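Biologist: Can you walk me through this one? I'd like to hear the reasoning behind each label.

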Protein chains: 2
Amino acid sequence: MLSAKMEDYLKAIYRLEREGEPPVATSTIAETLEVTPPTATSMVEKLEDRDLVEREKYKGVTLTPEGETVALEVIRHHRLLETFLTEELGYDWSEVHEEAEILEHHISEEFERRVAAALDEPAVDPHGDPIPNDELEPIDDHSASALADHGEGARLEVARVRDRDSEELTYLDDAGITPGTKLVVEEVAPIGMVTVRLDGGETVSLPDHIADAIQVRTPEDAVADGVSEV
Amino acid sequence: MLSAKMEDYLKAIYRLEREGEPPVATSTIAETLEVTPPTATSMVEKLEDRDLVEREKYKGVTLTPEGETVALEVIRHHRLLETFLTEELGYDWSEVHEEAEILEHHISEEFERRVAAALDEPAVDPHGDPIPNDELEPIDDHSASALADHGEGARLEVARVRDRDSEELTYLDDAGITPGTKLVVEEVAPIGMVTVRLDGGETVSLPDHIADAIQVRTPEDAVADGVSEV
DNA sequence: AGAGAGAATTAGACGAGTCTAATGCAAAAG
DNA sequence: CTTTTGCATTAGACTCGTCTAATTCTCTCT
Ligand SMILES: [Mn+2]
Ligand SMILES: [Mn+2]
Ligand SMILES: [Mn+2]
Ligand SMILES: [Mn+2]
């Protein structure tokens with residue numbers, strides 16, 4: 001059996017592998033999980049003993065297929081829970097993350113199945129992130145780009161908004177920026193800010209670190225990917 | 001912050017206080033939680049340090065008011081979860097206990113409130129056990145008696161069926177014995193078995209240890225207590 | 001009152017997960 | 001090709017929850 005902690009490490013490594021170039025450095029894991037580097041070292045050693053990661057000393061780690069499956073399992077739990085809390089219990093979009101971060105480690109497979117059924121086997125969570133399927137097949141995280149990477153005039157649709165500070169999420173939600181929102185880049189200011197115009201005509205200005213967290217795709221991509229049911 | 005383990009100890013002490021005469025002996029706690037006596041000793045010492053139990057060395061422990069409040073809090077979580085899993089996720093009556101036993105320690109107060117609201121602030125769980133209210137006021141556990149304590153001819157209503165082995169629960173459920181079932185004691189056999197006749201006319205025979213787990217009340221009591229909405 | 005039985009506690013250990021302080025390695029800079 | 005610098009790892013410690021073995025207490029029985 002894996003502990004909740006081990007699951008969190010695996011999930012973090014999964015995410016970090018996709019954000020940068022594998023292998024994932026110990027210090028990066030430590031930072032993500034808010035522990036000291038020696039703590040991360042001793043944890044990745046345990047993970048290695050269980051063949052959940054491959055490790056090159058002084059370099060970093062990569063998930064093995066088994067490790068990736070565990071990560072996908074936890075991510076499936078997390079995203080199903082976020083969806084459930086939002087859709088069935090009326091949680092605000094910004095409140096669900098913390099709750100899911102804990103419960104993901106404690107629900108049974110039975111609970112997972114029943115929640116998935118109750119939600120009609122959803123493909124994406126309320127942030128717009130894809131939910132791994134029952135078989136835990138690899139998911140495509142990459143059919144979207146950061147809002148920050150587009151120039152003035154770009155016509156885009158919000159694919160998802162990354163998990164972060166809940167005040168930020170609430171702010172964006174209130175401003176009308178949620179998965180599915182269509183917008184046009186109005187101005188890319190040289191001071192590290194981008195202004196977008198929403199469908200309804202309102203404009204919203206966002207500092208770069210926020211624009212980085214907003215994943216978008218062009219309407220054509222959306223059609224090609226068949227993810228329009230968001 | 002209290003650990004899941006501490007919560008389980010407090011819940012166990014709460015239950016044992018009502019089953020026998022306080023103070024609750026260390027060995028009883030150890031048995032209930034399936035740990036060795038020294039483990040229970042060291043845990044109750046910690047609980048004492050935090051003023052959650054009062055302890056007389058070599059005698060046993062009693063919950064302090066704070067300890068009782070924690071126990072009621074955990075019991076509220078447990079019973080709300082059992083109700084929720086049964087009513088909203090379609091769990092079978094016999095499957096919910098294990099899941100609730102874990103989740104009770106990990107849901108937030110927000111989750112508790114929202115589940116209670118979704119269920120319309122239920123007063124009893126699917127076993128027929130009372131759910132402590134939001135204020136965690138003491139609950140009356142004792143307005144029912146064991147089926148085993150009644151003689152032939154007694155006309156009774158099942159108040160609740162105690163948490164136990166899930167095969168037993170399934171068996172009783174299939175036999176038609178659930179909270180609210182009306183029955184008459186048909187025969188009390190000298191070999192440690194009691195036979196009851198249900199409303200529909202079917203008879204069911206039960207060994208004493210099962211008849212002990214079934215709490216009943218006379219129809220008059222039911223009216224007096226106003227608990228008929230089970 | 002004294003002895004013995006039975007229960008509770010103390011002693012000492014261990015794994016998990018974490019920390020701080022000390023040390024070691026490797027890649028970049030000279 | 002050597003030095004520096006910055007991670008990574010090792011060493012050693014601590015808490016939590018648990019165990020086994022040894023000891024001590026309490027209560028009942030003679
Ligand atoms: Mn988590
Ligand atoms: Mn699962
Ligand atoms: Mn529990
Ligand atoms: Mn609560």
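Biologist: How do you know that the copies meet through the same surface?

Modeller: Contact means heavy atoms within 4.5 Å. On that basis 100% of the interface residues of chain B are also interface residues in chain A, so the copies meet through the same surface. Bear in mind that this is a predicted model: local features need pLDDT of at least 70, side-chain atom pairs count only at pLDDT 80 or more, and totals for chains, interfaces and linings use all residues. Residues are numbered from 1 along each chain as its sequence is written, chains are lettered from A and ligands numbered from 1 in the order in which they are written, and side-chain values use heavy atoms, leaving out hydrogens and water.

Biologist: What rotation superposes chain B on chain A?

Modeller: One of 180°, with 0.0 Å of shift along its axis and an RMSD of 0.1 Å; the fit is least squares on C-alpha atoms of residues with pLDDT of at least 70 in both copies. That is the relation of a two-fold axis.

Biologist: What makes a residue count as near DNA strand C?

Modeller: One of its heavy atoms has to lie within 4 Å of the strand. By that rule 21 residues surround DNA strand C, and A:S3, A:T39, B:S27, B:T41 and B:R55 are the closest. Of the strand's atoms within 4 Å of the protein, 80% belong to sugar or phosphate.

Biologist: Why is the pair of B:S27 and a phosphate oxygen called a polar contact?

Modeller: The term needs a pair of N or O atoms within 3.5 Å. A side-chain N or O atom of B:S27 is 2.9 Å from a phosphate oxygen of DNA strand C, so the pair qualifies. For B:K57 the side-chain value is 3.0 Å, while B:Y58 uses a backbone N or O atom, at 3.4 Å.

Note on methods
A polar contact is a pair of N or O atoms within 3.5 Å; within protein, one must be able to donate a hydrogen and the other to accept it, and residues adjacent in sequence count only if both atoms are side-chain atoms.
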